[in-house]
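Thank you for making time this morning; I would like to walk you slowly through one structure, going from place to place. Please have the sequence and the picture open while I speak.

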Amino acid sequence: MSSVQSSTFAIPLDQIRYNEQGLVPAIVQDYLDGTVLMMAWMNRESLQKTLETGETWYWSRSRSELWHKGATSGHLQQVKTIRYDCDSDTLLVTVEQQGDIACHTGERSCFHQIDGQIQPPPADTLSQVFEVICDRRDHPNSDSYTCKLLAGGDNKILKKIGEESAEVVMAFKDDDPEAIAGEVADLLYHTLVALAHHKVDIRQVYRKLQERRR
């Protein structure tokens, strides 16, 4: 069986089930927060070039040619993993998106429209909560608890982190799963507020975790 292997992934090219046009859909996902960035088509040649170069290559149905994503715009996609589904007829490609723009419109994701409005697609829960916190920071609302925390600065925010940390410790000592989950959620929330206050993006934290995971 023909296959191509890189330092991080290997795909048996002959095992992939291409359609009648010799194509297979590839769903592209951000490797840090799981955001679905785009969907494109690959054929055997583009998949092989993706595996060999570590950057995404697709097949353009409109131009009938290979397409090196980001070669013109600079928004290259560095491949982290490639998976294929249980039927071997769909690919899931996780990437590090250069410039944080995957869509030709300039949006981060091609899936940014809902009910005629432009809204970013959902990411993991922490990223979504962090986005709301940053919005509160940039558009203050006097009725918002988050805004009150941010207005209090480090003194108020860090005091709450200290309090929540102690409550997390006590929940673990009591061995109460429900309390543990609730107190850890509170600690994570207040930590996200501190990150937003200091303008440290949560993706920087994710990158640190990825580095340590390796």
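Let me start at Met39, which has its place in strand β4, and let me say at once that what you are looking at is a predicted model. Is Met39 buried, partly exposed or exposed? Its relative accessibility is 35%, so Met39 counts as partly exposed, given that buried means under 20% and exposed means over 50%. Met39 also belongs to a nonpolar patch on the surface, which it forms with Ile27, Val36 and Phe111, and together these residues have about 300 Å² of accessible area.

The strand around Met39 is another matter, since β4 is mostly covered, with 6 of its 8 residues buried. Strand β3, which spans residues 23–30, is likewise mostly covered, and there the count is 7 buried residues of 8.

Now to how these strands are joined. Strands β3 and β4, the latter covering residues 36–43, run antiparallel and are joined by 7 bridges. If you would like particular pairs to look for, Val24 stands opposite Met42 in β4, and Val28 has Met38 of β4 as its bridge partner. The two strands make a hairpin with 5 residues between them, and in this hairpin Gly34 takes a positive phi near 80°.

Which way does β3 run relative to strand β8? Here the answer is parallel, with 5 bridges joining β3 to β8, which is made of residues 91–97. One pair to find in the picture is Gln29 with its bridge partner in β8, Thr94.

A second hairpin deserves a moment of your attention. Strand β5, residues 57–60, and strand β6, residues 65–68, run antiparallel and are joined by 4 bridges, and Trp59 has Leu66 in β6 as its bridge partner. Between β5 and β6 there are 4 residues, and Ser64 in the turn has a positive phi of about 55°.

Finally, let us turn to charge. Which residues gather in a patch of negative charge on the surface? They are Asp174, Asp175, Asp176 and Glu178. Of these, I would point you to Asp175, which lies in the loop between helix α3, residues 145–174, and helix α4, residues 177–197. Asp175 counts as exposed because its relative accessibility is 61%, and the cut-off for that word is over 50%.

I will stop there and leave the picture up for discussion.

Terms used. Residues numbered from 1 in each chain as written. Predicted model: local features only at pLDDT ≥ 70, side-chain atom pairs only at ≥ 80, totals over all residues. Heavy atoms only, no water. Patch = residues over 30% accessible without salt bridge, like charges linked within 9 Å, V, L, I, M, F, W, Y side chains within 5 Å. Areas by Shrake-Rupley, 256 points an atom, 1.4 Å probe, with all protein chains shown as cover. Salt bridge = Lys/Arg side-chain N within 4 Å of Asp/Glu carboxyl O. Lys, Arg positive; Asp, Glu negative; His and termini not counted. Charge placed at Lys NZ, Arg CZ, Asp CG, Glu CD. Buried < 20%, exposed > 50% of the residue type's maximum accessible area, 1.4 Å probe, protein only. Pairing = 2+ DSSP bridges.
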